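Q: I'm new to this one and would like to learn how to read its features. Can you walk me through them?

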Amino acid sequence: MRSSHARGVLIAGTGSNVGKSLVVTGLLRWCRQQGISAAPFKGQNMALNSAVTIEGGEVARAQAVQARAAGVDLSVTMNPVLIKPTAQQRSQLIVRGHPVGEIASGRWIATKRELLATVVEAFEELSTSHELIIAEGAGSAAEINLLEGDLANLRFAQAVGLETVLVGDLEPGGVFASIYGHYTLVPEEYRRLLRGFVINRVRGDGGILQPGIDVLTRRLGTRWFGNLPIIDGYLPGEDAINLGVTQWSPSGRDGLGSRQRSEAPIRVRVVELPYLANYTDFDPLVLEPDVDLRFVRRPEDLADADLVVLPGTKATVTALSWLRSAGFVPQLEHAIGQGCWLLGICGGYQMLADQIEDPIESGIGRVNGLGLLRAQVVFEAEKVLTNVVGTAPCFGQAQVVGYQIHHGRVVAEGDPFFMLASPDPREGEATIREGSCRDGQIYGTTLHGLFDADRLRSPFLTAVARARGRSFASQLHFDEFVERSLDHLGEVVGAHLDVAQLLGLERLGG
């Protein structure tokens with residue numbers, strides 16, 4: 001099974017969190033800067049951070065960022081298989097953007113064997129409309145116990161005819177051994193696909209690495225495409241390992257410099273719920289100098305909060321049970337009584353309701369919510385997947401752009417948080433009530449990405465600060481900052497890697 005349209009490269013890694021996403025994103029932005037039509041691809045991803053595509057499907061958020069870097073519309077073909085954990089031994093399986101059921105961990109390898117044809121078909125479809133596909137691997141490329149069911153690394157690369165570049169991470173140590181081990185561990189049929197390597201997160205003078213690089217290239221008969229320094233700027237995290245690490249660039253290069261932190265910031269506390277989903281919702285808050293945002297797992301950590309957020313979760317009823325057993329409810333009630341604001345997003349919003357009827361996600365049925373908003377929640381089999389635009393009546397009709405990904409439908413009383421434009425053009429100027437607010441202090445919404453919009457984030461945080469007797473002045477233009485960061489990433493990749501050779505542009509007529 002080999003793609004007749006295979007053009008591009010697979011960026012694989014020596015492990016998780018070694019920089020595969022960063023390298024792919026940088027290469028895609030470099031291609032855009034050179035006028036090359038390129039697109040991202042990841043055959044299979046496991047992530048609770050996701051995004052909505054132009055077709056109304058769901059893919060991993062990493063591919064959404066990569067599509068933005070490339071300047072192309074996000075499509076379900078870019079991440080045909082997405083796994084979203086819902087319990088310790090169970091995950092939701094999403095194929096070409098839509099859930100098709102749940103899988104148990106013991107059944108996963110057999111399921112993946114069956115999905116290779118779907119992944120290859122998506123790659124073929126995507127490659128017909130772009131000059132170049134830059135694919136991202138998953139985890140380690142040498143998980144020899146999992147090769148039989150591989151959908152994102154060398155088994156996939158062989159199926160579509162992609163040569164592969166390996167990324168190793170210098171920071172934890174052992175980068176030469178990890179690269180060498182990958183070449184020697186994988187079967188010969190896959191080893192032939194390994195065309196070279198990149199070393200990531202190199203501090204200071206990379207020349208000290210040259211003797212080791214020379215040994216590797218000589219012994220393995222492979223190529224070295226360059227070293228990447230630690231790159232300043234912003235790139236959304238994909239996994240929970242990255243919680244709270246988004247920050248202003250420390251160096252100040254290329255307009256990405258640090259901002260002066262406030263002496264009296266707005267204290268935002270995000271409860272780190274089990275199966276936390278779409279925590280990139282809070283990246284703009286982390287980036288605001290006048291906001292002190294922390295992810296917390298203890299009730300006492302809410303004591304000084306100005307705003308508490310119950311975020312999205314892929315297991316609403318399970319997370320609600322944990323919230324109660326961990327002792328958060330009395331502390332939440334006390335914080336509200338002291339004037340603290342409360343915001344629930346998606347699963348967190350569902351928890352604020354009076355009752356939750358869930359025969360789908362947990363299968364438990366009816367449970368009592370926290371009762372902090374007058375609302376009822378019913379989970380349905382069909383998932384809501386849509387990008388939305390609207391306004392916030394409570395905040396000067398501030399404009400908002402966001403997206404919805406949920407099974408639970410909320411019917412709320414009281415004032416809406418947002419008025420959304422109807423997705424049905426036949427309804428003309430009709431708007432839809434979304435979310436709920438109570439007493440100007442408790443808010444709930446199904447919208448993810450709501451703080452990306454400067455025109456909502458600023459008045460919302462200003463209102464929180466005013467209610468707490470302080471002031472707030474936003475220093476962040478989020479979209480502009482993301483674009484500058486992506487441009488900077490593309491420039492650094494272009495300056496430190498032999499990109500033309502890495503991408504094989506000479507063979508593509510580039």
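**Pockets and ring pairs**

A: Sure, and keep in mind that this is a predicted model. Let's start with a pocket: the second largest one has 40 lining residues, and those nearest its centre are Arg 61, Arg 68, Val 401, Asp 452 and Asp 479. Several elements give two or more residues to that lining, including helix H2 (61–70), strand E22 (398–412) and helix H13 (478–496).

Q: What is the volume of the second largest pocket, and how do its lining residues divide into nonpolar, polar and charged?

A: The volume is about 910 Å³. As for the lining, 21 residues are nonpolar, nine are polar and ten are charged.

Q: Now the rings. How many aromatic pairs are there?

A: Rings pair if their centres lie within 6.5 Å, and here the count comes to 15 aromatic pairs.

Q: Why is the pair of Phe 282 and Phe 295 edge-to-face?

A: Look at the angle: planes over 60 degrees apart count as edge-to-face. The planes of Phe 282 and Phe 295 are at 75 degrees, with the ring centres 6.1 Å apart, so the pair fits that label. Phe 282 sits in the loop between strand E14 (276–277) and H8, while Phe 295 is in strand E15, so the pair ties together parts 13 residues apart in sequence.

Q: Is Phe 295 buried or exposed?

A: Buried means under 20% relative accessible area, so Phe 295 counts as buried at 19%. Phe 282 is buried too, at 1%.

Q: Which residues do ring pairs link into a cluster?

A: The cluster holds Trp 341, Phe 395, Phe 417, Phe 418, Tyr 443, Phe 451 and Phe 460. Both Phe 417 and Tyr 443 are buried.

Methods:
Residues numbered from 1 in each chain as written. Predicted model: local features only at pLDDT ≥ 70, side-chain atom pairs only at ≥ 80, totals over all residues. Heavy atoms only, no water. 1 Å grid on protein atoms, 1.4 Å probe; cavity = no way out; pocket = protein on both sides within 12 Å on 5 of 7 lines; lining within 4 Å. Points joined across faces, edges and corners; volume = space filled by probe spheres on them. Helix = DSSP H or I, 4+ residues; strand = E, 2+ residues; numbered from the N terminus. Nonpolar A, V, L, I, M, F, W, Y, C, P; charged D, E, K, R; others polar. Phe/Tyr/Trp six-rings, centres within 6.5 Å; stacked < 30°, edge-to-face > 60°. Buried < 20%, exposed > 50% of the residue type's maximum accessible area, 1.4 Å probe, protein only.
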